[in-house]
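User: Hi! Could you walk me through this one? I'll throw quick questions at you as I go.

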Amino acid sequence: MSRANSTIDEWAEREYKYGFVTDIETDSVPPGLSEDVIRVISAKKQEPEFMLEWRLKAYRHWQTMKEPTWANVKYPPINYDEIIYYSAPKQNKDGPKSLDEVDPKLLETYEKLGIPLAERAALAGVAVDAVFDSVSVATTFKGKLSELGIIFCPFSEAVREHPDLIRKYLGSVVPYSDNFFATLNSAVFTDGSFVYIPKGVRCPMELSTYFRINAASTGQFERTLIIADEGAYVSYLEGCTAPMRDENQLHAAVVELVALGDATIKYSTVQNWYPGDENGVGGIYNFVTKRGKCQGDNSRISWTQVETGSAITWKYPSCILMGDNSVGEFYSIAMVNNCQQADTGTKMIHIGKNTRSTIISKGISAGRAQNTYRGAVKINSGADNARNFTQCDSLLLGDKCGAHTFPYIEVKNNTAKMEHEATTSKIGEDQLFYCNQRGLNLEDAVSMIVNGFCKEVFRELPMEFAVEAQRLLDVSLEGSVG
Amino acid sequence: MLEIRNLHAHVEGNEILKGINLTVNAGEVHTIMGPNGSGKSTLAQVLAGRDTYEVTEGEVTYCGEDLIELSCDARARKGIFLAFQYPVEIPGVSTNYFLRAALNSIRKEQGLDDLDAVDFLQLVKQKAKLVEMDGSLLKRSINEGFSGGEKKRNEIFQMAVLDPKLAILDETDSGLDIDALRIVSNGINKIRGADRAIILVTHYQRLLNYVVPDFVHVLVGGRIVKSGGKELALELEESGYAAIEKAAEQAATVAS
């Protein structure tokens, strides 16, 4: 394995490709959190009164909470008084009306990240709602979508334009008091995306958001809310990259999904936040609460995630299966390298009858990284004939990394059927030799083996996203794997 | 094509090959026979460039180049193919996908363009016939859930597609029933040619009923102790390795 190890080291030493900083003026509030800061954020967003009240309620509750310590991750204490809770790119008072009005430097940043923000997105069939730091700077395809009655807009706009929907659904899946980070988010969230698909409408394109942390020491607190009304269908893509920083940056987002009767929501994430350098300096703390509620009968929520970034990932996209015959799915690839730590997994809560859930988790660890799968499957007493299938596979590259699995299973109904499979393996020297002997170099061989390992998850991603995810995995593997 | 001079190789501090001498020319088929643990598979893997083995002494020249200096994948791209004794499973990677990547890396070395999917499939279809291989196997993950015979056939099939100059077959006949043995042997015979050399590593004479070698070498204790024509294999079948081993021991004692 000596050659394999040296390649692992090389990969580990590769620099973060997306580490550049856009130099634009920002409009920030001073660091630290108080009711005044929350009032400033709310005022800057021109929010209705109910929104401010909700934020303040969350803030007051947050002050009584303690940061959780149960996750299998280690980091120095976060000083919440040093974080800047609001930062927006300066712009004309009324905001940009078209791409021409958007700060060219912003567009340049996206260009480097290879995001087709401009109309070429049309070719890819993707509508992009780009979140730069905290404010959405451009939204495309709005017109086309609004013809179908679909609402796809920045969260702050939804608060102003569609307060009834916000009032009805905000916090209905992740209550303001849910957990430390979600509650913090509820108090200070600045922007994010809002999607509403009306009854019986199948959204004709993949909806896509690109988050990016830019200003130094800016915690980013996005909030996403997606509602699929009865019989609706939507596929939503979220991609993240962040520029290089020496300080750790907190990223505490909340995503809520609501699927009414016969509705389907597919939520795919490719996450490539800055993971820190090879010594574990810098990097994003990604403490995210993602949860979906299959509220109506026959509804379906599917989470697919490819996580290669962040210094620390703390994330459990979950499904509450309330409606009868509802389906929850979780497909995940979590790749960690160097000193990265990931504690990720899912919760499937079966409440309705004949509810089904599938969990496929693929963890890849390289360098000195630690990868934890943490999952919970709960079958409530009323959930007759519930079924769960769980498969957790871990792949280790090198001998300094770790993989951990914590599956929790709680069954209160004896008609339930549960399956749990788990494997842990290393890339074998024999597999590498086999590939090498057929003419593939070490890096291609590793990439092929890892991609093969992840195949079951990749095929759940929309086509163009799958290609990007594979490329990202290759970049993350480079220098990290032999 | 291949010139091995006084080759010594270690694995984990144990010397396995203790001075191999062998010359293989294009167009020839050489068989290497010997008892268990004599170093046959080690020789095959050392030639392929497996880095768990350390070459401590000697020279290997391949088509005029110093083979020892080349990495395993570089050797493969220059036309060395090893059919594995125990073919490896790679979950999630189909044989077709794998083989196309392999073929294109070899073509790149030769200055040729990548073969596109259509041409590749045509080539694959034709070669699969050679070993009577079911096309559906090629869409499955490499060797995953394959029977022993299917795995060995897959090796010969890959060899046919990659079209090597020097093919080394490591106990490709072991574990095959009589029908599979015939199919595999046919495959080998079909790729025999004037510009290709084949080294067959085997325990048994029975493969040689189907693939008739030009030379037979007996490997005992890390050295080639006897070489001859195809009749040597028959001789071995009758007298067993014991007699040769004994003779080799005596020779070694005398030499020291």
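User: Let's start with β17 of chain A. In which sense do strand β17 and β19 pair, and over how many bridges?

Analyst: This is a predicted model, so please read everything here in that light. In chain A, β17 (residues 327-336) and β19 pair in the parallel sense, over 10 bridges. As a landmark, Glu329(A) stands opposite Thr358(A) in β19(A).

User: And what about the link from β19(A) to β21 of chain A, how many bridges there?

Analyst: There are 10 bridges between β19(A) and β21 (residues 387-396) of chain A, and these two strands run parallel. You can find that pairing by looking for Ser361(A), which stands opposite Cys392(A) in β21(A).

User: Is β19(A) largely enclosed or left open?

Analyst: Largely enclosed by the rest of the structure, because eight of the 10 residues of β19(A) (residues 356-365) are buried.

User: What is odd about phi at Asn354(A)?

Analyst: Asn354(A) has a positive phi of about 55°, although it is not a glycine. You'll find Asn354(A) in the loop between β18 (341-350) and β19 of chain A. Asn354(A) has 19 C-beta neighbours inside 10 Å, so it counts as partly exposed; the cut-off for buried is 20 or more.

User: Which other residue should I look at for a positive phi?

Analyst: Try Gln46(A), where phi is near 50°, again in a residue other than glycine. Gln46(A) is in the loop between α2 and α3 of chain A. With 11 C-beta neighbours inside 10 Å, Gln46(A) counts as exposed.

User: OK, on to helices. How do α3 and α9 of chain A pack?

Analyst: The angle between α3 (residues 49-62) and α9 (residues 180-188) of chain A is about 145°, and their axes are 7 Å apart. The crossing of α3(A) and α9(A) is left-handed.

User: Which residues meet there?

Analyst: From α3(A) you have Trp54(A), Arg55(A), Ala58(A), Tyr59(A), His61(A) and Trp62(A), and they meet Thr183(A), Leu184(A), Ser186(A) and Ala187(A) in α9(A). By class, this contact of α3(A) with α9(A) divides into six nonpolar, three polar and one charged.

User: Why is α9(A) said to be largely enclosed?

Analyst: Because eight of its nine residues are buried. Among the buried residues of α9(A) are Phe181(A), Asn185(A) and Val188(A). The cover over the buried residues of α9(A) includes α2 (35-44), α3, β8 (223-228), β11 (254-259) and β13 (283-294) of chain A.

User: Zooming out, how many helices and strands does chain A come to?

Analyst: Chain A comes to 12 helices and 23 strands. Of its 482 residues, 55% are buried. Among contacts in chain A with a separation of 6 or more, 84% are between residues 24 or more positions apart.

User: Now the interface. How many residues does the contact take from chain A and from chain B?

Analyst: The contact takes 19 residues from chain A and 21 from chain B. On the side of chain A that touches chain B, α1 (2-13), α10 (429-437) and α11 (442-458) of chain A each supply at least two residues. The largest share on that side is from α10(A), with seven residues. The residues on that side of chain A divide into six nonpolar, seven polar and six charged.

User: How do α10(A) and α11(A) pack against each other?

Analyst: At an angle of about 120°, with their axes 9 Å apart. These two helices, α10(A) and α11(A), are therefore oblique to each other. The crossing of α10(A) with α11(A) is right-handed. In that contact, Gln431(A), Leu432(A), Cys435(A) and Asn436(A) in α10(A) meet Leu442(A), Ala445(A), Met448(A) and Ile449(A) in α11(A). That makes six nonpolar, two polar and no charged residues in the contact of α10(A) with α11(A).

User: Last one, chain B. In what order do the six strands of the open sheet come?

Analyst: The order in chain B is β6-β9-β10-β3-β11-β12, with mixed pairing. At the edges are β6 (80-83) and β12 (223-228) of chain B, each with a single partner strand, so one side of each is left without a neighbour in the sheet. From one strand to the next, the twist averages 20°. Helix α1 (residues 40-48) of chain B packs on the sheet, and its direction makes about 145° with that of β9(B).

Technical notes. Residues are numbered from 1 along each chain as its sequence is written. Chains are lettered from A and ligands numbered from 1 in the order in which they are written. This is a predicted model: local features need pLDDT of at least 70, side-chain atom pairs count only at pLDDT 80 or more; totals for chains, interfaces and linings use all residues. Axes are lines fitted to C-alpha atoms, for helices over the stretch in contact, and angles run from 0 to 180 degrees between N-to-C directions. Helices (H or I, at least four residues) and strands (E, at least two) are DSSP runs, numbered from the N terminus. A crossing is left-handed if the near helix is turned anticlockwise from the far one by less than a right angle, and right-handed if clockwise. Two residues are in contact if their C-beta atoms, placed from the backbone, lie within 7 Å. Ala, Val, Leu, Ile, Met, Phe, Trp, Tyr, Cys and Pro count as nonpolar, Asp, Glu, Lys and Arg as charged, and the others, Gly among them, as polar. Two strands pair if DSSP finds at least two bridges between them. Angles under 35 degrees count as roughly parallel, over 145 as roughly antiparallel, 65 to 115 as roughly perpendicular and the rest as oblique. A residue is buried if 20 or more other C-beta atoms lie within 10 Å of its own, exposed if 12 or fewer, and partly exposed in between; C-beta atoms are placed from the backbone.
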